[in-house]
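Morning, everyone. I have one structure to walk through today. Let's put it on the screen.

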Amino acid sequence: MSASATAPQMSVNEPLTQLPAWKALEAHYESMRNRHLRELFRTDPERGRRLTLEAEGICFDYSKHRVTDETLRLLLELAEQSGLRARLDAMFSGDRINITEKRAVLHTALRAPRNATIVVDGKNVVPEVHEVLDRMAGFSERVRSGAWKGFTGKRIRNVINVGIGGSDLGPVMAYEALRHYSRRDMTFRFVSNVDGTDFAEATQDLDAEETLFVISSKTFTTLETMTNAQTAREWALKTLKDEKAIAKHFVAVSTNATEVEKFGIDTANMFGFWDWVGGRYSMDSAIGLSTMIAVGPENFRRMLAGFHAMDQHFRTAPFEKNLPVLMGLLTVWYADFFGAETVAVLPYEQYLKRFPAYLQQLTMESNGKHVTLGGERVNYQTGPIFWGEPGTNGQHSFYQLIHQGTRLIPCDFIGFAKTLNPLGNHHDLLLANVFAQGEALAFGRTAEDVRAEGTPDWLVPHRVFEGNRPSSTLLLAELTPEALGKLVALYEHSVFTQGVIWQIDSFDQWGVELGKVLAKKIIGELGASGPAAGSHDSSTTALIEWYRKRRG
Ligand code: F6P
C-alpha cells in the first residue's frame, strides 16, 4: 500500500482523557465498580423494560449492564464531546475520514436506494453501485437458471469463492446465515487459506466442468488469494484442457482491472467496486457475488434493504435511542473503565455460526489501533478482543469461565422469536437457554441460596455465582435477509462509534503489513537452493533451518 508524503489535514480533538465527560466517567466508575446488578434491579422494578430499546425490528435489552441513568448520561455526553455527530455526518457524506489512506468510507452507499445521491469527488456514486448490482443480478440469474454453461456445455452446479479476509469472511458468513434461502441443488464453497488443504478439500469431490470460481480480491494482489486462484486455474485446466475454458469458469470481483486482466480473466467477467469500500465492509458490494448466486438477487436486495434501514437509524435516531451508539458506548465503558479485555458474541442461531468469526475482522481489524488520528500513542485501551460460538454449544465449553472465572466478559446474546426449522420443542429449549444465561450471569447465586439447598459448607464457595456479569440481549423476529443486514450494520456502526471515541482510524489496517513483508522474504529462503537464512534473529533462523532440513 503506498502512502504520500504529505500528512492529511484534519481537526485534532482534545485528547480523549482530557474531555470533561471522560473525567466525569472516571469519577463515576469509582461509585459504580462495586454496585451489583441485583441492587440495580431491586431498586428499580421497571429497569428491565426501561432499559430496552426496540428499533428497526431489533429488541435490544441493555438493562443487564452495570450502568445507571447517570452512567448513560455521561457516556452520551462523551459521544457528544467526541464529535460523534459530525464524524458520522462526515462518513455518510463521503468525506475522506480514512485519513491514513486518504479515502472516503462509504459502505453505506452500497445499500443506498437507487434514487439516493451520494457525491464523491463531484460524482454521484449511487448509479454506479446499482449498475454493478444489476450486472451481478443478471449474471447470478444466468448461473442459477443454467443459462450460463461451463466450457463443455454442462450447467454450473458448484460455485467456489476464492478470497481471504473481507473477501471471504463476509461471503461465507452470509452464505451460512442465509443458507435456508439458498439453492439446495448447488454447492457453495469458500477457499481462503494458503494452506493447500483448504483448496484440496474444497475441490476433491467436484467436477471442473460444473464448477465456477469467483476470485474475490479488492487488490487482486493478495498472496493467499492469488496462489489459490492459480491453483484453481491449474485444477480446472487439468480437466478442461483449453485456455478458452477460463472465461466460462472464472469471474473476478475486484477494484483492480489491470491485475484481473493479467491473471487471464476477461474483464467482461469482472464485477467492480471502489476504493471507498473497505475489505471488511465489502460483503454487500460485488464481493457478495457468491452470496447472490446462492440466495438469488431478490434476497440479496432484501439484505441490502436491512443494511440501509440500520444506516438510516444510525444517522437519524437521537443518540439515547440509537442502537449502534448505545452498543458502542457500552463497549467503551467496559474496555476503558472496567478493564474488560474481550467481548463474547453468542448467537443462539445455528445459521449464524460464522458470525463471530466475521465480527472478529470487522471489530479487531478496525479498532485494533494504538495511535490516534494525530499519530499519538493512546494512553487508554482501544478495541477489545471479540470472540464467540453459537449457543448452546458454548455453554458446555467456555461459559464456565464467563460465569465463575476472574475476568469480566461482557456478552452479546442474539436470538430469534421464530426458527426457520421448527422441530418439536427445540426452539423453546434454545430460547430458554438464552434467557437463563443472561439471568444467571447478572444475578448469580449467593452463598445463602446455595446453603439453603443443603450444600455442605465446604462445597458452598465452589457453587456460588457472584453474578454482576453484564450482557446485552438482542432479539429479532426471524433470520430473514433483512434481519441479517440490520445485524451486520448494527455492529459496523457500533465499531465506528467506538473508533470515534478512541480517536483512531477504524478504516486502515497497517498492522497486517509487517508479517506479509517478512513472509515474502522468508519464502525465498525456504527452498534448498535459496539463500541460507541468516539475516533473522536466532529464534527465527533456527526455526527456518529446522524446517529446511525436514521439508523433504
Ligand atoms: O490482510 C488484510 C486485508 O487487507 C483485509 O483488510 C482484506 O479484507 C484482506 O486483506 C483481503 O484483501 P483483498 O480483498 O485485497 O485480497
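Start with the lining of the largest pocket. Helix α21 gives the largest share of that lining, six residues. One caveat straight away: this is a predicted model.

So how big is the volume of the largest pocket? About 1200 Å³. Its lining counts 40 residues. Five of them lie nearest the centre: Thr219, Thr222, Val512, Glu513 and Lys516. Which elements give two or more residues to that lining? Three do: α9, residues 223-240; α15, residues 355-367; and α21, residues 513-526. By chemistry, the lining residues divide into 16 polar, 14 nonpolar and 10 charged.

Next, helix α7. That helix runs over residues 169-177. Is α7 enclosed or open to the outside? Nine of its nine residues are buried, so α7 is largely enclosed by the rest of the structure. Buried here means under 20% relative accessible area. Here is the roll call. Leu169, Gly170, Pro171, Val172 and Met173 are buried. So are Ala174, Tyr175, Glu176 and Ala177. Note the glutamate in there, Glu176.

What do the buried residues of α7 pack against? Two strands, to begin with: β5, at 158-162, and β6, at 187-191. Then three helices: α12, at 289-295, α20, at 481-502, and α15. You have met α15 already, as a contributor to the pocket lining.

Now a single residue, Ile246. Find Ile246 in helix α10, which covers residues 246-249. Its relative accessible area is 4%, so Ile246 counts as buried. Which residues does Ile246 touch, leaving aside those up to four places away in sequence? Arg233, Leu237 and Gly264. For a sense of scale, take Ile246 and His536. They sit 290 residues apart in sequence. In space, C-alpha to C-alpha, they are 41 Å apart.

Last topic, cysteines. How many disulfides does the count give? Zero. Cys59 is in no disulfide, and its nearest cysteine sulfur, that of Cys411, is 17 Å away. The cut-off for a disulfide is 2.5 Å between the sulfurs, so that pair does not qualify. Cys411 is in no disulfide either, with the sulfur of Cys59 as its nearest, at 17 Å.

Are these two cysteines buried or exposed? Cys59 is buried, with a relative accessible area of 16%. Cys411 is buried too, at 1% relative accessibility.

That's my tour. Over to you for questions.

Definitions and conventions
Residues are numbered from 1 along each chain as its sequence is written. This is a predicted model: local features need pLDDT of at least 70, side-chain atom pairs count only at pLDDT 80 or more; totals for chains, interfaces and linings use all residues. Side-chain values use heavy atoms; hydrogens and water are left out. On a 1 Å grid over the protein atoms alone, a cavity is a set of points where a 1.4 Å probe fits but cannot get out, and a pocket is an open set with protein on both sides within 12 Å along at least five of seven lines; lining residues have an atom within 4 Å of a point. Grid points are joined across faces, edges and corners, and a volume is the space filled by probe spheres set on the points. Helices (H or I, at least four residues) and strands (E, at least two) are DSSP runs, numbered from the N terminus. Ala, Val, Leu, Ile, Met, Phe, Trp, Tyr, Cys and Pro count as nonpolar, Asp, Glu, Lys and Arg as charged, and the others, Gly among them, as polar. Buried means under 20% relative accessible area, exposed over 50%, partly exposed in between (1.4 Å probe, protein chains only). Contact means heavy atoms within 4.5 Å.
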